[in-house]
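The following exercises concern charged pairs and ligand surroundings. Each task is followed by a solution that proceeds step by step.

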Amino acid sequence: MTGRACARASANIALAKYWGKDDVLRNLPAVPSLSLTLADLYTVTRVSFDATLSEDVLEISGVAQTGRAKARASELLDRARALGSERRYARVETHNNFPTASGLASSASGFAALALAATRAAGLTLPLSDVSAMARQSSASAARSLFGGWVALDHGAESARRVAPPEALDVRMVVAVTHPGPKSVGSTEGMQHTATTSPYYAAWIAHAPELFRQVEVALTGGDLDALGEAAAQSALMMHACMWAARPPLIYFRPATLGVLQAIAELREQGVRAFPTMDAGPHVKVLVPAADADAVEARVRQVEGVTGSLQAAPGPDARLIDDDEADLSLTPGAP
Ligand code: 2P0
């Protein structure tokens with residue numbers, strides 16, 4: 001039995017944000033979320049079950065991992081082993097083609113690629129929605145990275161669903177990198193802290209579904225302006241909720257506000273540019289494809305911005321041939 005498979009899954013950026021859990025053990029979000037999967041920013045993962053191993057091994061870009069990262073991979077492998085007939089430990093080799101300092105969530109594409117490769121390597125051929133449910137248990141945003149284009153994770157849902165194909169809107173996501181290095185507080189920890197200490201958490205839970213609805217309706221109606229305005233409000237409402245925690249959870253850096261100011265000025269000049277921020281200081285800007293180069297050039301001028309990139313709407317996660325899985329690449333600078 002070969003017990004080996006490779007998969008590739010793209011990163012995603014939420015437009016209607018997920019922040020907070022209904023059920024921590026099952027990892028079920030407390031609000032619906034809707035994201036855009038990004039082309040050309042992806043994780044490639046190879047899973048090889050191997051009878052000679054005495055424990056699971058996780059290598060990220062060739063570096064063996066220990067602790068929480070390895071334990072989270074093992075937990076997902078356990079679920080794949082339980083569903084399939086695999087009993088062996090596995091070697092997991094994974095590589096992100098985007099720099100981690102770009103502020104793009106590697107856990108989303110990472111657990112999506114791992115769930116797809118692990119289930120296939122364990123002898124299973126599952127619909128993407130079942131793989132999405134498995135990825136969600138590791139990281140809820142990963143549920144969305146199984147699908148290309150515009151993707152929802154409904155409140156209470158086990159798996160994500162595609163809302164619209166990549167070409168539904170001709171847009172780009174411009175990423176302005178505002179601070180090097182890893183984020184200070186992880187998402188899982190940050191959302192629990194917010195839920196238990198922020199007096200605005202209840203307001204966030206009450207209002208997030210309406211913003212999700214506005215994003216979904218605007219998307220299906222092809223209305224970029226309505227989508228962008230609801231998305232920008234979702235991001236700022238999520239951050240306002242974090243700022244009201246005790247102690248406050250502030251991911252913004254001075255350059256984060258600098259980019260927001262630059263985008264506001266572009267909007268006054270008639271440019272359709274809509275910002276969103278995640279659990280980090282970087283700003284992602286949703287823009288019409290035709291304006292992406294100009295918006296990227298503008299945000300790069302902002303003091304404190306250390307890098308930028310842009311991405312188009314991307315495809316479904318997929319299994320790939322072993323020789324397509326170039327795990328030796330080194331991510332470039334943002
Ligand atoms: C999102 N984020 O919707 C939101 C916006 C960050 C801010 O999903 O605890 O790493 O593993 O389920 O998926 C990041 O949260 O959290 C995230 P867990 P995850 O993209």
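A salt bridge is here a side-chain nitrogen of Lys or Arg within 4 Å of a carboxyl oxygen of Asp or Glu. The model under study is predicted.

**Exercise 1.** Determine how many salt bridges the rule yields, and characterise the pair formed by Asp278 and Lys17.

Solution. Step 1: applying the rule gives a count of 21 salt bridges. Step 2: Asp278 and Lys17 form a salt bridge through their side chains, with an N to O distance of 2.5 Å. Step 3: Asp278 belongs to the loop between β11 (274-276) and β12 (283-288), while Lys17 belongs to the loop between β1 (4-16) and β2 (21-23); the two residues are 261 residues apart, and the pair thus links distant parts of the chain. Step 4: both Asp278 and Lys17 are buried.

**Exercise 2.** Locate the partners of the salt bridge between Glu158 and Arg26, and classify Glu158 as buried, partly exposed or exposed.

Solution. Step 1: the closest N and O atoms of Glu158 and Arg26 are 2.5 Å apart. Step 2: Glu158 lies in the loop between β8 (150-153) and β9 (161-164), and Arg26 in the loop between β2 and β3 (28-29), so the salt bridge ties together parts that are 132 residues apart in sequence. Step 3: the class "partly exposed" lies between 20% and 50% relative accessible area. Glu158 has 36% and is therefore partly exposed; Arg26, at 42%, also counts as partly exposed.

**Exercise 3.** Which classes of accessibility apply to Glu55 and Lys70?

Solution. Step 1: the side chains of Glu55 and Lys70 meet in a salt bridge at 2.8 Å, N to O. Step 2: Glu55 is in the loop between β4 (33-49) and β5 (57-60) and Lys70 is in helix α1 (residues 67-83), so the pair joins parts that are 15 residues apart in sequence. Step 3: Glu55 is partly exposed at 43% relative accessibility, whereas Lys70, at 19%, counts as buried.

**Exercise 4.** Describe the surroundings of the ligand and state where the ligand lies with respect to the domains.

Solution. Step 1: the ligand is surrounded by 19 residues, the closest being Tyr18, Lys21, Ser141, Arg144 and Thr188. Step 2: the shell comprises seven nonpolar, seven polar and five charged residues. Step 3: a polar side-chain atom of Ser141 is 2.7 Å from an oxygen atom of the ligand. Step 4: the protein buries 94% of the 470 Å² that the ligand exposes when taken alone. Step 5: domain 1 (4-166) and domain 2 (168-311) both contribute residues to the shell, so the ligand lies between them.

Terms used:
Residues are numbered from 1 along each chain as its sequence is written. This is a predicted model: local features need pLDDT of at least 70, side-chain atom pairs count only at pLDDT 80 or more; totals for chains, interfaces and linings use all residues. Side-chain values use heavy atoms; hydrogens and water are left out. A residue is near a molecule or strand if one of its heavy atoms lies within 4 Å of it. A polar contact is a pair of N or O atoms within 3.5 Å; within protein, one must be able to donate a hydrogen and the other to accept it, and residues adjacent in sequence count only if both atoms are side-chain atoms. Accessible areas come from the Shrake-Rupley method with a 1.4 Å probe; for residues, only the protein chains shown count as cover. Ala, Val, Leu, Ile, Met, Phe, Trp, Tyr, Cys and Pro count as nonpolar, Asp, Glu, Lys and Arg as charged, and the others, Gly among them, as polar. Domain bounds come from an automatic or database domain assignment. Helices (H or I, at least four residues) and strands (E, at least two) are DSSP runs, numbered from the N terminus. Buried means under 20% relative accessible area, exposed over 50%, partly exposed in between (1.4 Å probe, protein chains only).
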